[in-house]
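User: I am new to this structure and would be grateful for a close look at one part of it, beginning with how a helix starts. Please then follow the description outward to the other parts that can be described in detail.

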Amino acid sequence: MTNLANDKDTASPDPSEMQVNNHAPVTHQQNIENFYSESRKPQDYLDAARRALAEQQWGQACQHYAEYHKREPPSPPRKMAETRTEHAFAKLHGRRPRAHLDQTQNEIYMLLAKAHELDPGSAAAAVLMAIYNEDLDHAFLREGGFSDEAQRASTNLDLEWARRIVTTIKVHESPTWQALDQRLTPGGTVPIRVLSLSDDERVEREHRMRTLFTPVPAVPVRELRLSPLYGLLPLVGGSVILWVAITLLTAYGSPLRSLLSPAPYIGITGVATVSLGGWLTFKAVFANWWHNRLFNRAMNEYREKVRIYEENLPSDAQISRWLKHDVNVIVDRALTRLGIVMEELHNTGRITDPLVIVGPADPPKTKLVRHHRVGDGYIASRYTVFVVCMADQKLGAYRTVLDSITGKREPEEQTSEYRYRDIVSVNVHTVRLDLPPDAKKTDDAEPTYAFVDAREEDTVAERFTLIVPGDRFTVTTKVSTDDGKGSRVDFSRADRALAAIRRRIAASTRPI
């Protein structure tokens, strides 16, 4: 590395003059008192600072800039602003502002504020100050924005400075940093985490999901057939009675005697009975024909309704894609609410995505539905989304409820942060849900879900629970019924979250 020490006499110094400090690795240790001697010119320190800055030797660059500012000669305000901007950039050490302690943040802010005071037109100072403020605004959930001054500064900034900033520090949440990134790379290099659904797709999604949670059209019920036997019996009986009456009338030769005989009355009874039997037989035959016609018409209407119903159902791929989109939106919301960025999520030295646990929300408001046209397993009308963000020293937890029909997050949400040592317990357990929604909860059973088109029995729920002093997070990860079918969310990884948290707890409680 090139520095002022190379300008000194190559003769070995007297051992009594040697001093060692702990400001840098051994390969970069220097004799501070001899190096920063009064005989050095201020420009020598500035040149050394800029060489160290170009080589990204942040610690040495900060030392050289500090010594230069102690001996800074009278200079134009523009040059004084430039050196303080460079000094502030070196103090970032290639990391975003929020990654530093408060003292370092204050020092960076004071340098940039002084630079802006000396040269209000300094684009570099304005850009770094904007990135500084936007990063801390995001960390502390303050309302910020892309100010007009930041827009002008990012447009007017020298391309070399823009490239230096974008390649050295990554502040994807900063609008000013994004503007510099887009200047260097058309379209920018920041990945779009969540692609928004179009208006047409949102309307289609809500229509299809509402159809899914609407009961299937009911199968028409055929009315009971009327048996012609009920008419044939009186018809046959009446015919027999008429035959008896005719026989009696034939047996009496005189008409007068015939009139005084019971035969006419028996005949009248026979005629009435035959008429009743004929009417009942006709009514049964006609009614059966008419009901059969109505039933066939109802069956045709039912088949048409089922066809339209199934045409309006979502596909398995659509449901998975919509739910993944909704969960990605919630994960971004969780990071914002927790004030965490992806760079802070380290797990054993690796950057890891937030751990997401998704499962049916609690009954009775949540409905479960299953249909052979949308895959195997139950789909819930509401899902609980639990996001776990594992930073180096803390665990951030965010929970909310997602309406799977509309794709909107319900207003209720909860955020918490804990140290790993404070976690009391983390587990996955199973509970029975075999009571109807209006039944009283017991110790070993809880109200079950409302099932569309079916009433299931012996339902069990698998739940993930995180317990800390004074708080408890519980998420139902899976619901199963007695027929072996269960709810499914392919991208929910409760076991992975459980293992990762347990590793962190073990590491944090390990004796030093």
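Analyst: Ser122 caps the N-terminal end of helix α6, with a side-chain oxygen placed 3.3 Å from the backbone nitrogen of Ala125. This is a predicted model, and the description that follows should be read in that light.

The helix that begins there covers residues 123–139. Its 17 residues, at 1.5 Å a residue, should span 24 Å, and the C-alpha atoms at its two ends are indeed 24 Å apart, so the expected and computed values agree. Of these 17 residues, 16 are buried, and α6 is therefore largely enclosed by the rest of the structure. After the helix comes Leu141, whose phi is positive, near 55°.

Other places with a positive phi lie in loops. Gln56, in the loop between α2 (42–54) and α3, has a phi near 60°, a positive value in a residue other than glycine. With a relative accessible area of 44%, Gln56 is partly exposed. His93 belongs to the loop between α4 and α5 (102–118), and its phi is near 55°, again positive in a residue other than glycine. The relative accessible area of His93 is 35%, so this residue counts as partly exposed.

The loop between α3 (58–70) and α4 (77–91) holds Ser75. Is Ser75 buried or exposed? Its relative accessible area is 18%, and Ser75 is therefore buried, since the limit for that term is under 20%. A polar atom of the Ser75 side chain lies 2.9 Å from the backbone oxygen of Pro73. Leaving aside residues up to four places away in sequence, Ser75 touches Tyr68 and Met80.

The account now turns to a sheet. Four strands form an open sheet in the order β3-β6-β7-β8, and their pairing is antiparallel. At its edges are β3 (355–360) and β8 (409–419), each of which pairs on one side only. On average, and with direction ignored, neighbouring strands of this sheet are turned by 15° against each other.

The pairings can be followed across the sheet in order. Six bridges join β3 to β6 (residues 382–390), and these two strands run antiparallel. Within this pairing, Pro360 has Tyr383 of β6 as its bridge partner. From β6 the sheet continues to β7 through nine bridges, also antiparallel. Here the bridge partner of Met390 is Leu395, in β7. β6 and β7 form a hairpin with three residues between them. β7 and β8 then pair over eight bridges in the antiparallel sense, with Leu402 bridged to Arg409 of β8. These two strands form a hairpin as well, with five residues between them, and Gly407 in the turn has a positive phi of about 80°.

How enclosed is β7, which pairs with both β6 and β8? Eight of its 10 residues are buried, so β7 is largely enclosed by the rest of the structure. One residue of this strand, Asp403, has a relative accessibility of 23% and so counts as partly exposed. A polar atom of the Asp403 side chain lies 2.9 Å from the backbone nitrogen of Ile405. Apart from residues up to four places away in sequence, Asp403 touches Arg205, Ser381 and Lys408. Asp403 and Arg382 are 21 residues apart in sequence, but their C-alpha atoms are 4.7 Å apart in space.

Helix α14 (residues 316–338) lies across β3, β6, β7 (394–403) and β8, and runs at about 140° to β7. This helix also packs with helix α10 (residues 199–212) at an angle of about 120°, their axes being 12 Å apart. The crossing of α10 with α14 is left-handed. On the α10 side, the residues that meet α14 are Glu201, Glu204, Arg205, Arg208, Met209 and Leu212. Their counterparts in α14 are Gln318, Ile319, Arg321, Trp322 and Asp326. A general property of helices helps in reading such a set: an α-helix has 3.6 residues a turn, so residues three or four places apart point the same way. Arg205, which is among the α10 residues that meet α14, is also touched by Asp403, a residue of strand β7.

Notes:
Residues numbered from 1 in each chain as written. Predicted model: local features only at pLDDT ≥ 70, side-chain atom pairs only at ≥ 80, totals over all residues. Heavy atoms only, no water. Expected span 1.5 Å × (residues − 1). Buried < 20%, exposed > 50% of the residue type's maximum accessible area, 1.4 Å probe, protein only. Polar contact = N/O pair within 3.5 Å; in protein donor to acceptor, adjacent residues only side chain to side chain. Contact = heavy atoms within 4.5 Å. Pairing = 2+ DSSP bridges. Axes fitted to C-alpha atoms, helices over the stretch in contact; angles between N-to-C directions. Left-handed = near helix turned anticlockwise from the far one by under 90°.
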